[in-house]
Amino acid sequence: MSGNKSAPWRQAVAACAQCPLLTSCTKELDRRLTSGEKIRDQILAGRLFSGKGDEIAPEMFDAYADRCGAKTKRRKPTPKRRPTRRAATKKTAPASTPAQEVPSSPTGGQLTLFKGAVA
């Protein structure tokens, strides 16, 4: 079953009514429904089933076709806006102060560092 017009569905149901296999098809459909199977978007044994698996009565074909048509007229969702990126500007980093030289003795080096931090 495709489309959202009731005329082709009515033609398919009418064709089923004249099919020599209608009796066996009806028995098979009833067996499947009794077992809990959902028939979706099909016409079987002259019966129309919706996308949810509900049977649509022939007098409701037009209303169902209208509901199906409403789905195709939905507006497309608007895409999510991505945050804009700022262009990288050419900036120079501030000059850092030169590191203090550390003498080779471990205690003298720590003392020199602390003296520099206090000053």
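What is the mean pLDDT of the protein chain, and what percentage of its residues reach 70 or more? The mean comes to 77, and 62% of the residues get to 70 or more; pLDDT is the predictor's confidence in each residue, on a scale from 0 to 100. This is a predicted model, in which local features need pLDDT of at least 70 and side-chain atom pairs count only at pLDDT 80 or more, while totals for chains, interfaces and linings use all residues. Residues are numbered from 1 along each chain as its sequence is written, and side-chain values use heavy atoms, with hydrogens and water left out.

Confidence is not even along the chain: helix α2 (residues 22-34) has the highest mean, at 95, and helix α4 (residues 106-118) the lowest, at 56. Helices here are DSSP runs of H or I with at least four residues, strands are runs of E with at least two, and both are numbered from the N terminus. Where pLDDT is low, the predicted coordinates shouldn't be read in detail.

Now for the aromatic rings. Rings of Phe, Tyr and Trp (for Trp, its six-membered ring) pair if their centres lie within 6.5 Å; planes under 30 degrees apart count as stacked, over 60 as edge-to-face, and the rest as tilted. That rule gives two aromatic pairs. In one, Trp 9 meets Phe 61 edge-to-face, with 6.3 Å between centres and 85° between planes. This pair ties together distant parts of the chain, since Trp 9 sits in helix α1 (residues 6-18) and Phe 61 in helix α3 (residues 61-72), 52 residues apart. Trp 9 also pairs with Tyr 64, this time tilted, at 5.6 Å centre to centre and 40° between the planes. Again helix α1 is linked to helix α3, with Trp 9 and Tyr 64 55 residues apart. Together, the ring pairs join Trp 9, Phe 61 and Tyr 64 into a cluster.

Are these rings buried or exposed? Buried means under 20% relative accessible area, exposed over 50%, and partly exposed in between (1.4 Å probe, protein chains only). Trp 9 and Phe 61 are both buried. Trp 9 counts as buried because its relative accessibility is 2%, and Tyr 64 is buried too, at 8%.

Trp 9 turns up again around Ile 43, which is found in strand β1 (residues 42-44). Leaving out neighbours within four places in sequence, Ile 43 is in contact with Trp 9, Ala 12, Val 13, Cys 16 and Leu 48, where contact means heavy atoms within 4.5 Å.

Cys 16 leads on to the disulfides, and there are zero of them in the structure. A disulfide is a pair of cysteine sulfur atoms within 2.5 Å. For Cys 16, the closest cysteine sulfur is in Cys 25, 6.4 Å away, so it's too far for a bond.

Side chains of opposite charge can pair when their charged atoms come close. With a salt bridge taken as a side-chain nitrogen of Lys or Arg within 4 Å of a carboxyl oxygen of Asp or Glu, the count is five. Arg 31 bridges to Glu 28, with the closest N and O atoms 2.5 Å apart. Both lie in helix α2, three residues apart, or about one turn of the helix. Arg 31 is partly exposed at 48%, and so is Glu 28 at 37%. Arg 32 forms a bridge with Glu 37 at 2.7 Å. Arg 47 and Glu 55 meet at 2.9 Å, N to O, and bridges with shared partners join Asp 30, Arg 47 and Glu 55 into one network.
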